[in-house]
Amino acid sequence: MSVSLYVHIPFCLKRCIYCDFVSGIYDSGKANAYIAALKKEIDAVAAKAAISTLYIGGGTPTALSTDALSDLIRHIFTHISLTPSDDIEGKEGNEATIEANPGTVDRVKLQAVRSLGINRTSIGVQSFDNSELDLLGRIHSSEEAEQAVYFAREAGFDNISIDLIYGIPGQTPASWEKTLEKAVSLGPEHISTYELTVEEGTALHELLKNPPSSLFIKGGINPPAEETTIEMYEHTIAYLASHGYVHYEISNFARPGHFCRHNLNYWDRGEYYGAGLGAHSHVEGKRYYNTDRLDEYIQALSADKSPVKETEYITGDKALSEAVFLGLRRIDGLNIEHFSKRYKVDLLTRFEKEIREFQEAGLVEIVDINGLNSLSGLNRSLRLTRKGLLLSNEVFAGFL
Ligand code: SF4
């Protein structure tokens, strides 16, 4: 089975107003101390496991200078050689992704990371509408986002993903359609579309609670109504399908051959190591979490101690529930036969009540693996219906 490595870079040039990720403002002194500690943690992982997918995320990994980033990537590949992951879409392969913020990349930086072995980039575009980008507090314009995609192509990336957000205050179905059209016109291999969530403690939460009287947002301060975001999501599915993108996970679309291997491993409850501030690992039935305090993290690693703050054992019923709600994130659903073999439990018996209720509500269905309604036989899968996709959080909660 594939094992993944996630490496976290917790620095950004500026905080976006919706962000609740583990990240602070970039400072070169802190970044240098952090990278030294991070390398130690990566070395410890390298001694334990053969890694198939690497994902350098953040924060903003590309907030680091070209030299610092190159040095880190060289260090990772000196200690880890990527092994091919399990067959995905009928192919073996390995994948090394870096997240890139359009406000922190140029041709030289992207060429440097590509030449060092990073073969996929995920560009945080979020919107191609400048007023939406301004509202979100992004540090780049729509034009810079477009240019970042060109830079990535010129640097030799043939696997580019673009992240987009819908449900932004002031956003309309028409402006979302324009963003999607622009994204598709740039020809990325992969597109992720996330609905904006307003997390407590973020600047966006505060802004919506107490909007300043001077603030004017075309379309109003409140995020679009639920029916509007549903309309946007349904348009996304239809529009991207008509342009050759396979909808393979609730929020993710890809051209054939470009599903994200790293994330598929998460949704399959695969094993992964997380290195860096606040990073999570899932190994041998345990999930453990690193401290999210920068000083604590650096001190622990400098003293050759573990930065792990908490460990949770995910076994028994907890593991089964997790397998169901993670598996249901995939559009092709959970293979019932594989589930039974892996967990030694018959899925349809163990979750008989929940499945029956959600079937009656039209939220899940059992189909054969080719997507046809199936009453019997092997190779069936349990998956969300179209209605279930729109109410996925409700379904996941029902399996907890
Ligand atoms: S760039 Fe990403 S991690 Fe950084 S503040 Fe914005 S959303 Fe958060």
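This short report looks at a helix pair, a small sheet and a ligand shell in a predicted model.

Let's start with the helices. The axes of α6 (residues 173-185) and α8 (residues 226-242) come within 10 Å and cross at roughly 25°. Angles under 35 degrees count as roughly parallel, and α6 and α8 are therefore roughly parallel to each other. In passing α8, α6 makes a right-handed crossing. On the α6 side, the contact is made by Pro173, Trp176, Glu177 and Leu180, while α8 brings in Thr228, Glu231, Met232, His235, Thr236 and Tyr239.

Next comes the ligand. Around it you will find Cys12, Arg15, Cys16, Cys19, Phe21, Ser23, Gly58, Gly59, Thr60, Asn101 and Gly124.

The table sets out the makeup of the helix contact and the ligand shell.

| Site | Nonpolar | Polar | Charged |
|---|---|---|---|
| Contact of α6 with α8 | 5 residues | 3 residues | 2 residues |
| Shell around the ligand | 4 residues | 6 residues | 1 residue |

Finally, have a look at the sheet. Its 3 strands form an open sheet in the order β17-β19-β18, with antiparallel pairing. The edges are β17 (334-335) and β18 (364-368), each of which pairs on one side only. Strands of a sheet pair through backbone hydrogen bonds, either parallel or antiparallel. Here, β18 and β19 (residues 380-384) run antiparallel, and their pairing extends over 5 bridges. Within this pair, Ile366 stands opposite Leu382 of β19.

Notes: Residues numbered from 1 in each chain as written. Predicted model: local features only at pLDDT ≥ 70, side-chain atom pairs only at ≥ 80, totals over all residues. Pairing = 2+ DSSP bridges. Helix = DSSP H or I, 4+ residues; strand = E, 2+ residues; numbered from the N terminus. Near = placed C-beta within 6 Å. Nonpolar A, V, L, I, M, F, W, Y, C, P; charged D, E, K, R; others polar. Axes fitted to C-alpha atoms, helices over the stretch in contact; angles between N-to-C directions. Parallel < 35°, antiparallel > 145°, perpendicular 65-115°, else oblique. Left-handed = near helix turned anticlockwise from the far one by under 90°. Contact = placed C-beta atoms within 7 Å.
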